[in-house]
Amino acid sequence: MMNLNQIFTNQRTGNNPHTIASRTDFQRDFDRIIFSSAFRRLQNKTQVFPLPGSVFVHNRLTHSLEVSSVGRSLGSIIGEFIFENFQNDLTEDSKNFYLHNLGNVIAAACLCHDVGNPAFGHSGEDAIASYFEKNENDLKPKFSEKEWADLVNFEGNANAIRVLAHQQQGKDEGGIQLTMTTLASIAKYPCEAIAKKKGIIHRKKFGFFQNEKDIFLDIAKGTKLIAENEDPYIFKRHPFVWLVEAADDICYNIIDMEDAHRLGIVSTSDCENLFFELVKSESNDVQRVKNKLASIDNDNERISYLRAKVINALINKSIDIYRQNFKTILHGNLEKALLDIYKSENKTLQDIESFSIEKIYGHKAVVEIENAGYNVMYELLDHFIPSILKSKEERKSYDKMALKLLPKQFVYENGTDYQKVLGVIDFVSGMTDNYATDLYRKIKGIDIGMTV
């Protein structure tokens, strides 16, 4: 069982000694993420619906901000729960952490949980993995078995650890140098990619690339993650991960529906009925909700009001489930996400998910952007990777021209083939939707001319 006094630390990645400041270390994490370029680029990365549009919908940045808000509430309330129920087991530093800083940790982790996701949503991830699958005969011999597993299973969660903690060419050690506590809190799948192939675990995803293995082992050591296996490395989740995951699940389950309503994809009656049924299943004051709705004439405002009520209900339910399963979580043995546990007992949340899959995620506009994004990301990789893998002597003029488009911080000429390819993936996965599309059109000769 994990020790509540040992699962957090203010130790940071990189050579970054502790300094005295008016903000706590965990507040500083939040601020560092806010000011990072990786976070800023989320403003032009697709959440679900195509960007830009005549109607404002969520992008990855606004989604992350809202997840962070929900996460702060979850962390603060659970921090109070731990403080009140485990006082006799806590040191003075731990009491201060749980009472005043757990909310900051969860807020910071939620803020950066999507920074490793490429442009165009999940189709961007699929394009990167598919590129290596489709070019297996030419590429696989260049990599070790574990490196190849990273590439053909490319995963935004693992890429987030790299984005936040990896030292790019010419930049400072430790990435943006977050605390290991915040980084452990986003590790939903704390294992190597090869674990899936070996059949040791049934997780669909993984948590870190081979290049960042030592960094992740430091994170695991600093936050006392429980090791299940060493070759390949598999750890039990950190207790804070369930709170970050719950905040994300709450937001995307509900806010995607609100966005679809604003775009006219989902009718007011369908959206309102689904939201109201969930509120009704958890509220003791349904009549007050009905009275409030009766006073609102604007359809969007009615849905916004119900959305707020639904999110509040799901926060409260997630807290209840976390408390009920707290000892199981501390042992690392909870097998389901908090909202999945709730979903198994609440048909309305199941209905919302089923409705979203059918009416929203399968909508023509969503499918079109996924198809377009897949092709853009695939072609960008195909433009750079064959050239970067050639030796300098082998490169033709077109290889040299292609590599001139790579910013210096992504070029690892003295690295292994694996490190060179990761540099290209860093560049491509970090692109915004617009930048990726513009570059694709230019290298394909669709757009020719200078833009300033």
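**Exercise 1. A salt bridge across the sequence**

Lys444 forms a salt bridge with Glu379; find how far apart the closest N and O atoms are, and work out which parts the pair ties together.

*Solution.* Begin with the cut-off: a salt bridge needs a side-chain nitrogen of Lys or Arg within 4 Å of a carboxyl oxygen of Asp or Glu. For Lys444 and Glu379, the closest N and O atoms are 2.9 Å apart. Next, place the partners: Lys444 is in the segment after α23 (433-443) and Glu379 is in helix α20 (residues 364-388), so the pair ties together parts that are 65 residues apart in sequence. Helices here are DSSP runs (H or I, at least four residues), numbered from the N terminus. Finally, check exposure, where buried means under 20% relative accessible area, exposed over 50%, and partly exposed in between (1.4 Å probe, protein chains only). Lys444 is partly exposed at 44%, and Glu379 is partly exposed at 24%.

A word on the model before going on: it is predicted, so local features need pLDDT of at least 70 and side-chain atom pairs count only at pLDDT 80 or more, while totals for chains, interfaces and linings use all residues. Residues are numbered from 1 along each chain as its sequence is written, and side-chain values use heavy atoms, with hydrogens and water left out.

**Exercise 2. More charged pairs**

How many salt bridges does the structure hold, and which residues are linked in a network?

*Solution.* The count is 28 salt bridges. Among them, Asp31 meets Arg23 at 2.9 Å, N to O, and Lys140 meets Glu136 at 3.7 Å, N to O. Asp31 has 26% relative accessibility and is partly exposed; Arg23 is partly exposed too, at 38%. The network links Arg12, Asp25, Arg28 and Asp29.

**Exercise 3. Two helix residues**

Are His63 and Thr182 buried or exposed, and what do they touch?

*Solution.* Start with His63, which sits in helix α3 (residues 60-85). At 5% relative accessibility, His63 is buried. Contact means heavy atoms within 4.5 Å. Beyond neighbours within four places in sequence, the contacts of His63 include His113, Asp114 and Tyr252. Now turn to Thr182 in helix α10: its relative accessibility is 0%, so Thr182 is buried. Leaving out residues up to four places away in sequence, Thr182 touches Asp29, Val105, Ala108 and Ala109.

**Exercise 4. A covered helix**

How many residues of helix α9 (residues 156-165) are buried, and against which helices do they pack?

*Solution.* Nine of the ten residues are buried, including Ile161, Arg162 and Leu164. The buried residues pack against α6 (122-134), α10 (180-185), α12 (213-222) and α22 (417-429).

Conventions:
Helices (H or I, at least four residues) and strands (E, at least two) are DSSP runs, numbered from the N terminus.
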